[in-house]
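Let's walk through this fold together, starting with a helix and moving on to the sheet it sits against.

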Amino acid sequence: MCPKTASPRSNSKADNSFEGRVRKVVDERIRPSLFSHGGDVRIKEIKGTDVGFVFLGACRTCPSAQITLEDTIDKTLRMEIPEVGRVYLINETSEDLLDLARKLMERRGAGA
């Protein structure tokens, strides 16, 4: 299960920028739903009005990840922020997994 960490927020007045509004919807409406299933999501990039996400926790390996992206994240964002453009998933490999793979390959090479 992924830890329930909050996204960084400004201590000043409310951030009404596109990015600030997206982060608020993700933190207040989307992430709590994913937490309840042992998952989480992180905004990886915002390019104009397009938003790219990375799934974490149980969502990372869930066979329904694409459906969650479309039915939960995309629909919620568009309902709250109509000018949202493309909402997409960025698949990335964690550094922990890469380190494990490197160690396994080193052992295999040493035993050959």
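Contact here means heavy atoms within 4.5 Å, and helices (H or I, at least four residues) and strands (E, at least two) are DSSP runs, numbered from the N terminus. Keep in mind that this is a predicted model: local features need pLDDT of at least 70, side-chain atom pairs count only at pLDDT 80 or more, and totals for chains, interfaces and linings use all residues. Residues are numbered from 1 along each chain as its sequence is written, and side-chain values use heavy atoms, with hydrogens and water left out.

Start with H1, residues 18-35: its 18 residues reach 24 Å from first C-alpha to last, close to the 26 Å expected (1.5 Å times one less than the number of residues). H1 has a kink of about 40° centred on Val26, taken as the angle between axes fitted to the seven residues ending there and the seven starting there. Val26 is also one of the buried residues of H1, along with others including Phe18, Asp27 and Arg31; buried means under 20% relative accessible area with a 1.4 Å probe, protein chains only. The buried residues of H1 pack against S1 (39-47), S2 (50-57) and H2 (65-80).

Now the sheet: three strands, ordered S1-S2-S3, make it open and mixed in pairing, where two strands pair if DSSP finds at least two bridges between them. S1 and S3 (87-89) are at the edges with a single partner strand each, so one side of each lacks a neighbour in the sheet. S1 and S2 run antiparallel, joined by eight bridges, and Gly39 stands opposite Gly57 in S2.

H1 packs on this sheet, touching S1 and S2, and its direction makes about 160° with that of S1. H2 packs on the sheet too, touching S1, S2 and S3, at about 150° to the direction of S3. For these angles, axes are lines fitted to C-alpha atoms, for helices over the stretch in contact, and values run from 0 to 180 degrees between N-to-C directions.

How values were computed. Buried means under 20% relative accessible area, exposed over 50%, partly exposed in between (1.4 Å probe, protein chains only).
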